[in-house]
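This briefing goes through one protein model by topic, from the overall fold to single residues. Please keep the sequence and the 3D view open while reading.

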Amino acid sequence: MAHFTANKMELNLIKVYDTTLLSSSKVYQINGTLSRYLGDKGTIKHPQYLFLPLPNQRKKPAFD
């Protein structure tokens, strides 16, 4: 199961266990990188979730 953390009010992190709750209007912290959710692709058995790091984050342009 995928694990994402929504960044709520800078320091209050909320774990997201249900991927249907992912939203492009929220910011997520993944492995210490703040990112915006872009959408998903793949299949039901092998889903992929696409995120884009926010400006000034030291990561690749996009990861899934």
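Two strands count as paired if DSSP finds at least two bridges between them. One such bridge joins D40 to its partner Y49 in β5. The model is predicted, and the protein in it has five strands and zero helices.

**Overall make-up**

- Along the sequence the pattern reads β-β-β-β-β.
- The protein has 64 residues, and buried residues make up 27% of them.
- The exposed surface comes to about 5000 Å², with 55% of it supplied by carbon and sulfur atoms.
- Among contacts with a separation of 6 or more, 15% are between residues 24 or more positions apart.

**Pairing of β4 and β5**

- Strand β4 covers residues 33–42 and strand β5 covers residues 47–53.
- These two strands pair in the antiparallel sense, over seven bridges.
- Four residues lie between β4 and β5, and the two strands form a hairpin.
- The bridge partners include G42 with P47 of β5, as well as D40 with Y49 of β5.

**Pairing of β3 and β4**

- Strands β3 and β4 run antiparallel and are joined by four bridges.
- One of the bridges has V27 partnered with R36 in β4.
- β3 and β4 also form a hairpin, here with two residues between them.
- The turn of this hairpin contains N31, which has a positive phi of about 50 degrees.
- Most residues other than glycine have a negative phi.
- N31 is a residue other than glycine, and its phi is positive, near 50 degrees.
- N31 is placed in the loop between β3 and β4, and its relative accessible area of 74% makes it exposed, because the cut-off for exposed is over 50%.

**Nonpolar core**

- The largest nonpolar core has seven residues: V16, L22, Y28, I30, Y37, Y49 and F51.
- β3 (27–30) and β5 are the elements that give two or more residues to this core.
- Y28 has 0% relative accessibility and therefore counts as buried, the cut-off being under 20%.
- F51, at 2% relative accessibility, falls under the same 20% cut-off and so counts as buried too.

**Aromatic rings**

- The count of aromatic pairs comes to two.
- One of them is formed by Y28 and F51, with 5.9 Å centre to centre and 75 degrees between the planes, which is edge-to-face.
- This pair links distant parts of the chain, since Y28 is in strand β3 and F51 is in strand β5, 23 residues apart.
- Y28, Y37 and F51 form one aromatic cluster, and these three residues are also listed in the largest nonpolar core.

**S35 in β4**

- S35 has its place in strand β4.
- Is S35 buried or exposed? S35 is buried, because its relative accessible area is 0% and the cut-off is under 20%.
- S35 and L50 are 15 residues apart along the chain, and their C-alpha atoms are separated by 9.7 Å.
- In a regular strand the side chains alternate between the two faces of the sheet.

**The loop between β2 and β3**

- S23 lies in the loop between β2 (12–16) and β3.
- The side chains of S23 and S25 make a polar contact at 2.8 Å.
- Leaving out residues up to four places away in sequence, S23 touches Y28 and Y37, and both of these tyrosines belong to the aromatic cluster with F51.
- D18 lies in this loop between β2 and β3 as well.
- Which side chain does the side chain of D18 contact? The side chain of D18 makes a polar contact with that of T20, at 2.7 Å.
- D18 has 36% relative accessibility and so counts as partly exposed, a class that lies between the 20% and 50% cut-offs.

Key. Residues numbered from 1 in each chain as written. Predicted model: local features only at pLDDT ≥ 70, side-chain atom pairs only at ≥ 80, totals over all residues. Heavy atoms only, no water. Core = buried A, V, L, I, M, F, W, Y, C linked by side-chain atoms within 4.5 Å. Buried < 20%, exposed > 50% of the residue type's maximum accessible area, 1.4 Å probe, protein only. Phe/Tyr/Trp six-rings, centres within 6.5 Å; stacked < 30°, edge-to-face > 60°. Contact = heavy atoms within 4.5 Å. Areas by Shrake-Rupley, 256 points an atom, 1.4 Å probe, with all protein chains shown as cover. Polar contact = N/O pair within 3.5 Å; in protein donor to acceptor, adjacent residues only side chain to side chain.
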